[in-house]
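Work through the exercises below with the coordinates open, and attempt each task before reading its solution.

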Amino acid sequence: MDHPHRNPWAIAGQVVTALVTTAAAICSVVLALLVLESRLGPVSNDPHGYTLVFGSLFLVPTPIVGALALPFVAPRRRRPARMVAAVTSVVWVVAALLLAGFALAGGCASSVTERCRCSPLDCAHDRHGDEAGDAAGGGGFEASAAGGLAPQPA
């Protein structure tokens, strides 16, 4: 079979876009796993929530970069492959946005106090479930009229 002459720059462009897409896909999967582990795992894995916040923050632009490059991996003459790549790009970005939204959603489950990642304004109890300490007047915080946290009177 005779193959028509292919432009070497087009081949190089496809290779570069394939590398960019692959790197973005790997980063997205790693970030998604880190965010899910931080959100659903024990607090001891991510005690301050930095993995949750920064992982979610980087989870948004990473798939966008990959999604912008993905349609250019297929050759121009293969229109169905480019359409599948475009639809896959949209699904990839939407899934990443949903995961980031889930990870950063506020509120907490009062029955599972060890996985609570909310502020004292959102929950009736503190992070460690020490409701007895607050009932005895020990060192809690309450919302002030100015919108900040004020020490609770003993």
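The exercises that follow concern a predicted model, and they go from the overall fold to the core and then to the surface.

**Exercise 1.** Describe the order of helices and strands along the sequence, and state what share of the residues is buried.

*Solution.* Begin with the inventory, which gives five helices and two strands. Reading along the sequence then yields the pattern α-α-α-α-α-β-β. Finally, of the 154 residues of the protein, 28% count as buried, while the accessible surface comes to about 10,400 Å², with 68% of this area belonging to carbon and sulfur atoms.

**Exercise 2.** Identify the residues of the largest nonpolar core and the helices that each supply at least two of them.

*Solution.* The core consists of six residues, namely Leu31, Ala32, Leu59, Ala96, Leu99 and Ala100. Helix 1 (8–40) and helix 4 (79–104) each supply at least two of these residues, and the largest share, three residues, comes from helix 4. As a last step, take Ala100 and set aside its neighbours within four places in sequence: the remaining contacts of this alanine are with Ser56, Leu59 and Val60.

**Exercise 3.** Locate the nonpolar surface patch and decide whether Val53 is buried, partly exposed or exposed.

*Solution.* The patch is formed by Tyr50, Val53, Phe54, Leu57, Phe58 and Leu104, which together have about 630 Å² of accessible area. Helix 2 (residues 50–59) contributes the largest share, five residues, and Val53 lies in this helix. Because the relative accessibility of Val53 is 43%, and partly exposed covers values between the 20% and 50% cut-offs, Val53 counts as partly exposed.

Conventions: Residues are numbered from 1 along each chain as its sequence is written. This is a predicted model: local features need pLDDT of at least 70, side-chain atom pairs count only at pLDDT 80 or more; totals for chains, interfaces and linings use all residues. Side-chain values use heavy atoms; hydrogens and water are left out. A nonpolar core is a set of buried Ala, Val, Leu, Ile, Met, Phe, Trp, Tyr and Cys residues joined through side-chain atoms within 4.5 Å. Buried means under 20% relative accessible area, exposed over 50%, partly exposed in between (1.4 Å probe, protein chains only). Helices (H or I, at least four residues) and strands (E, at least two) are DSSP runs, numbered from the N terminus. Contact means heavy atoms within 4.5 Å. Patches are made of residues with over 30% relative accessible area and no salt bridge: like charges are joined within 9 Å, nonpolar side chains (Val, Leu, Ile, Met, Phe, Trp, Tyr) within 5 Å. Accessible areas come from the Shrake-Rupley method with a 1.4 Å probe; for residues, only the protein chains shown count as cover. A salt bridge is a side-chain nitrogen of Lys or Arg within 4 Å of a carboxyl oxygen of Asp or Glu.
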